[in-house]
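Please look over the sequence and the model below before reading on. The paragraphs that follow go from the whole chain to individual helices and then to a single loop residue.

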Amino acid sequence: KILQTAIIEKGDLKLKNDLIDIHQIIEEAININRMQVEIKDGVIEKDLKATQTAVEADHDHILNVLNNLMDNANKYTPKKPEILVSTVNTLNHITISISDNGVGISKSDQKKIFDKLYRVHTGNLHDVKGFGLGLSYVKFIVEKHGGRVTLESELNRGSTFRIYLPFD
């Protein structure tokens with residue numbers, strides 16, 4: 001992650017864009033995260049309603065983005081994570097939503113959550129490890145693909161991250 005961040009800061013990131021199927025990459029990310037979620041007696045569910053799922057994007061970076069968001073959803077849900085991954089189409093893009101029933105993020109933290117090295121103070125969640133690089137990477141990669149990422153969250157009610165990726 002630190003190496004990725006250094007490449008991003010230098011502006012040397014070159015995307016290897018191909019026509020990729022977002023639903024296939026979601027399945028890969030779910031398979032990567034399933035065991036860690038099930039260890040906590042949790043589930044990853046999906047509601048993939050998008051019918052147009054092909055986008056020009058870098059497979060590895062989009063997989064890393066989805067993996068990061070699912071991993072965070074698991075890490076920040078102390079007991080029985082319920083993670084829902086869903087997709088829909090709008091006029092010119094696909095929207096990918098990753099929702100959880102975790103600890104949530106306060107309004108003040110939401111303003112800084114995508115800043116590099118920013119980590120939400122987790123109180124008694126001492127086992128949550130990380131460098132504060134993941135969400136800045138998510139934002140950078142999504143924007144590099146011409147998209148955007150948003151967050152809706154409420155303390156003790158969970159979070160929903162939405163990624164909007166354009167078709168062109």
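How much area does the protein chain expose, and what share of it do carbon and sulfur atoms supply? The exposed area is about 9400 Å², of which carbon and sulfur atoms supply 51%, with accessible areas taken from the Shrake-Rupley method with a 1.4 Å probe, where for residues only the protein chains shown count as cover. This is a predicted model, in which local features need pLDDT of at least 70 and side-chain atom pairs count only at pLDDT 80 or more, while totals for chains, interfaces and linings use all residues. Residues are numbered from 1 along each chain as its sequence is written, and side-chain values use heavy atoms, with hydrogens and water left out.

The chain holds 5 helices and 7 strands, which are DSSP runs numbered from the N terminus (helices H or I, at least four residues; strands E, at least two). Of its 168 residues, 46% are buried, meaning under 20% relative accessible area with a 1.4 Å probe, protein chains only.

Helix α3 covers residues 59-75, and its buried residues include His 61, Ile 62, Val 65 and Leu 69. At the start of α3, a side-chain oxygen of Asp 58 comes within 3.1 Å of the backbone nitrogen of Asp 60.

In helix α5 (residues 134-144), Tyr 137, Val 138 and Ile 141 are among the buried residues. His 145 lies in the loop between α5 and β6 (148-154), and is buried with a relative accessible area of 10%. Beyond its neighbours within four places in sequence, His 145 is in contact (heavy atoms within 4.5 Å) with residues including Asp 58 and Ile 62.

Definitions and conventions
The expected span of a helix is 1.5 Å times one less than its number of residues. Buried means under 20% relative accessible area, exposed over 50%, partly exposed in between (1.4 Å probe, protein chains only). A polar contact is a pair of N or O atoms within 3.5 Å; within protein, one must be able to donate a hydrogen and the other to accept it, and residues adjacent in sequence count only if both atoms are side-chain atoms.
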